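Dear colleague,

I am handing over a structure that you have not worked with before, and I would be glad if you could look through it with the notes below at hand.

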Amino acid sequence: MYFWISPLIFTVFIWWFSTGLILKVHSLPKRFFKSIFVASIAVLLLAFWGLSISSQQATIAGAYCSFTCAIIIWGWQELAFLLGYITGSRRSECPSGLSPMTRAWYAFQTINYHELALLSLGVILFFINLDSVNQTGFWTFVILWGMRQSTKINIFLGVLNFNESFLPQHLQYLVTYFRRRAMNYLMPFSILVSVMILIPIWSSAGVDSSPFDRASYALLGTLLALGLLEHLFLILPFPSELLWKWGYKKNH
């Protein structure tokens with residue numbers, strides 16, 4: 001199982017460092033936001049270019065490159081959201097006394113542009129990877145999208161920790177749509193499904209696979225495992241924000 005070591009270390013580092021970097025960037029003074037966003041678009045285009053090239057390379061290097069480019073593409077929309085450029089049509093606190101369905105609709109309106117951006121990026125990745133020999137980047141984005149949707153719904157239904165300290169001041173209204181609970185009915189199902197998907201991915205990275213397949217599945221499996229870990233952070237009495245304390249400032 002030694003072939004897991006490099007992908008595992010690489011994925012954990014990318015997950016930890018990219019999250020902290022995004023938090024660090026959006027904690028800068030607002031006067032830098034426009035320049036940061038423009039620069040991030042250039043990085044996004046480079047990531048698409050890198051992914052389009054690596055998608056045609058069924059090699060270990062191609063798997064790492066495609067995976068990294070997909071992470072950068074995902075990180076771009078996260079940064080755009082936290083900077084406040086791509087969020088939703090509703091930018092106000094949740095009114096009191098709403099029915100559950102109305103509250104859910106209002107909550108969706110706070111992130112509807114963000115969700116549209118995610119779908120658009122996913123469609124672009126789908127067509128870039130259509131008939132490609134290296135699908136690592138596309139499935140990286142799919143895993144990130146699926147785990148993030150699960151996280152959003154679970155936070156809406158209620159969890160113990162939702163890391164509101166990560167939100168900048170101009171997005172603090174989102175907290176009013178969250179609920180703090182020890183557990184909700186969806187969370188066990190989310191964890192179970194994640195484990196059921198994770199097992200065959202790990203199995204596909206066995207010693208009988210090609211070097212490319214082992215690298216690709218190991219990267220994807222580790223990423224999904226980290227998404228599962230983030231779900232556990234939501235319900236465990238553990239201050240996960242300590243992992244990225246270097247990357248964010250409170251009350252910014």
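**Cysteines, a helix pair and a glutamine**

The sulfur of cysteine 69 lies 4.1 Å from the closest cysteine sulfur, which belongs to cysteine 65, and this is too far for a bond, because a disulfide requires the two sulfur atoms to be within 2.5 Å. Please keep in mind here that the model is a predicted one. The structure holds zero disulfides, and cysteine 65 accordingly takes part in none. As for their surroundings, cysteine 69 counts as buried, because its relative accessibility is 8%, whereas cysteine 65, at 32% relative accessibility, counts as partly exposed.

Turning to the helices, the axes of α1 (residues 5–26) and α8 (residues 211–235) come within 9 Å and cross at roughly 45°, which means that α1 is oblique to α8. The crossing of these helices, α1 and α8, is right-handed. On the α1 side the residues in contact are Pro7, Leu8, Phe10, Thr11, Val12 and Trp15, and they meet a set of residues in α8 that includes Ala218, Leu219, Thr222, Glu230 and Phe233. Sorted by class, the contact of α1 with α8 is made up of 11 nonpolar, two polar and one charged residues.

Finally, glutamine 149 has its place in helix α6, which spans residues 136–157. With a relative accessible area of 17%, glutamine 149 is buried, and, leaving aside residues up to four places away in sequence, glutamine 149 touches Glu115 and Leu118.

With kind regards

Note on methods:
Residues numbered from 1 in each chain as written. Predicted model: local features only at pLDDT ≥ 70, side-chain atom pairs only at ≥ 80, totals over all residues. Heavy atoms only, no water. Buried < 20%, exposed > 50% of the residue type's maximum accessible area, 1.4 Å probe, protein only. Helix = DSSP H or I, 4+ residues; strand = E, 2+ residues; numbered from the N terminus. Contact = heavy atoms within 4.5 Å. Axes fitted to C-alpha atoms, helices over the stretch in contact; angles between N-to-C directions. Parallel < 35°, antiparallel > 145°, perpendicular 65-115°, else oblique. Left-handed = near helix turned anticlockwise from the far one by under 90°. Nonpolar A, V, L, I, M, F, W, Y, C, P; charged D, E, K, R; others polar.
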